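Student: Could you go through this structure with me, a few residues at a time?

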Amino acid sequence: MNAIFAAVFLLAGGVFLIFNPEGFLAAMLAGGQKAAALSLSLLAIYCVWLGFFNVLQDSGLARKLSSAVFPLSRRIFRSDDKEAVYLASCNLSANFLGLPGAPTPLGIQACKKFCERGNIYASDMLFVLNATSLQLLPTTVIALRLAAGSSAPADIFLPTLLATLCSTLVGGLLVFITRKRK
């Protein structure tokens with residue numbers, strides 16, 4: 001993937017140098033400045049949400065919430081392994097709250113535990129539910145819109161919720177339909 005991005009960058013830079021050589025350096029500097037500002041704003045948002053998620057885990061509230069959704073999660077993942085279902089529930093909860101980087105280690109651990117128990121269906125379901133990512137708070141998109149100067153960056157709340165709800169339902173249904181029956 002890095003090779004593809006490098007090739008696209010070099011090709012675009014070459015075309016830019018041919019057609020507008022005096023604007024190349026100015027465009028590079030302006031793009032770098034925008035990228036740095038966007039990265040810092042996203043970093044701040046991720047830090048806040050990751051801190052919030054760590055407080056949830058340290059206080060034990062995450063485990064209590066996981067216990068509350070365990071019966072539903074057990075049915076979705078078809079597993080009685082409390083630790084794996086807890087990790088999967090935490091992963092999905094973090095995605096639901098719009099924390100894109102936080103749930104990845106939890107999802108990997110849950111998939112490993114599901115696979116150790118031979119529950120490939122649960123691993124597949126978790127992968128699809130992560131890919132479709134039902135989101136209540138699309139924090140990354142709101143942050144991107146805010147950084148781009150949107151006057152109402154949270155206007156995407158309802159459309160995002162509806163779109164991710166549909167994609168999650170369709171994805172989960174497809175995994176259920178295509179599962180291997182024993």
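Tutor: We can take the salt bridges, the cysteines, a surface patch and a few single residues in turn, keeping in mind that this is a predicted model.

Student: Okay, salt bridges to begin with: how many does a search of the whole structure find?

Tutor: The search finds two salt bridges. One is formed by D80 with R74, where the closest N and O atoms are 3.1 Å apart, and the other joins the side chains of R117 and D81, with an N to O distance of 3.1 Å.

Student: Where do R117 and D81 lie?

Tutor: R117 lies in the loop between α5 (104–116) and α6 (120–132), while D81 lies in the loop between α3 (61–77) and α4 (82–96), so the pair ties together parts that are 36 residues apart in sequence.

Student: And is D81 buried or exposed?

Tutor: D81 counts as buried because its relative accessibility is 13%, whereas its partner R117 is exposed, with a relative accessible area of 61%. In the other bridge, D80 counts as exposed at 62% relative accessibility, and R74 counts as partly exposed at 36%.

Student: What about disulfides, how many turn up in the whole structure?

Tutor: The search finds zero disulfides. Taking C115 as a case, the closest cysteine sulfur is that of C111, and because the two sulfurs are 6.2 Å apart, they are too far from each other for a bond. C115 itself is partly exposed, with a relative accessible area of 37%.

Student: Changing topic, which residues form the nonpolar patch on the surface?

Tutor: The patch is formed by F9, L10, L25, M28 and L29, which together have about 550 Å² of accessible area. The elements that give two or more residues to this patch are α1 (2–19) and α2 (24–59), and the largest share, three residues, comes from α2.

Student: Take L29, then: buried or exposed?

Tutor: L29, which lies in helix α2, counts as exposed because its relative accessibility is 57%.

Student: Now T164, where is its place?

Tutor: T164 sits in helix α8, which covers residues 157–178, and at 12% relative accessibility T164 counts as buried.

Student: What does T164 touch, not counting residues up to four places away in sequence?

Tutor: With those left out, T164 touches T132, S133, L134 and Q135. With Q135 there is also a polar approach, in that a polar atom of the T164 side chain lies 3.2 Å from the backbone nitrogen of Q135. The side chain of T164 also reaches the backbone oxygen of T160, at 2.8 Å.

Student: S133 was in that list; what is its phi near?

Tutor: Phi of S133 is near 50°, which is a positive value in a residue other than glycine. For context, most residues other than glycine have a negative phi. S133 lies in the loop between α6 and α7 (139–147), and S133 is buried, with a relative accessible area of 12%.

Student: Which loop holds R78, and what is phi of R78 near?

Tutor: R78 is found in the loop between α3 and α4, and its phi is near 50°, again a positive value in a residue other than glycine. R78 is partly exposed, with a relative accessible area of 45%.

Student: Last stop, the segment after α8: what is R179 in contact with, leaving aside neighbours within four places in sequence?

Tutor: R179, which has its place in that segment after α8, is in contact with R78 and Y121 once those neighbours are left aside. A polar atom of the R179 side chain lies 2.5 Å from the backbone oxygen of F176. As for K34, R179 and K34 are 145 residues apart in sequence and 45 Å apart in space, taken from C-alpha to C-alpha.

Student: And T178, which backbone oxygen does its side chain reach?

Tutor: The T178 side chain reaches the backbone oxygen of L174 at 2.7 Å. T178 lies in helix α8 and counts as exposed at 59% relative accessibility, and its C-alpha is 9.8 Å from that of Y121, although T178 and Y121 are 57 residues apart in sequence.

Note on methods: Residues numbered from 1 in each chain as written. Predicted model: local features only at pLDDT ≥ 70, side-chain atom pairs only at ≥ 80, totals over all residues. Heavy atoms only, no water. Helix = DSSP H or I, 4+ residues; strand = E, 2+ residues; numbered from the N terminus. Buried < 20%, exposed > 50% of the residue type's maximum accessible area, 1.4 Å probe, protein only. Polar contact = N/O pair within 3.5 Å; in protein donor to acceptor, adjacent residues only side chain to side chain. Contact = heavy atoms within 4.5 Å. Patch = residues over 30% accessible without salt bridge, like charges linked within 9 Å, V, L, I, M, F, W, Y side chains within 5 Å. Areas by Shrake-Rupley, 256 points an atom, 1.4 Å probe, with all protein chains shown as cover. Salt bridge = Lys/Arg side-chain N within 4 Å of Asp/Glu carboxyl O. Disulfide = S-S within 2.5 Å.
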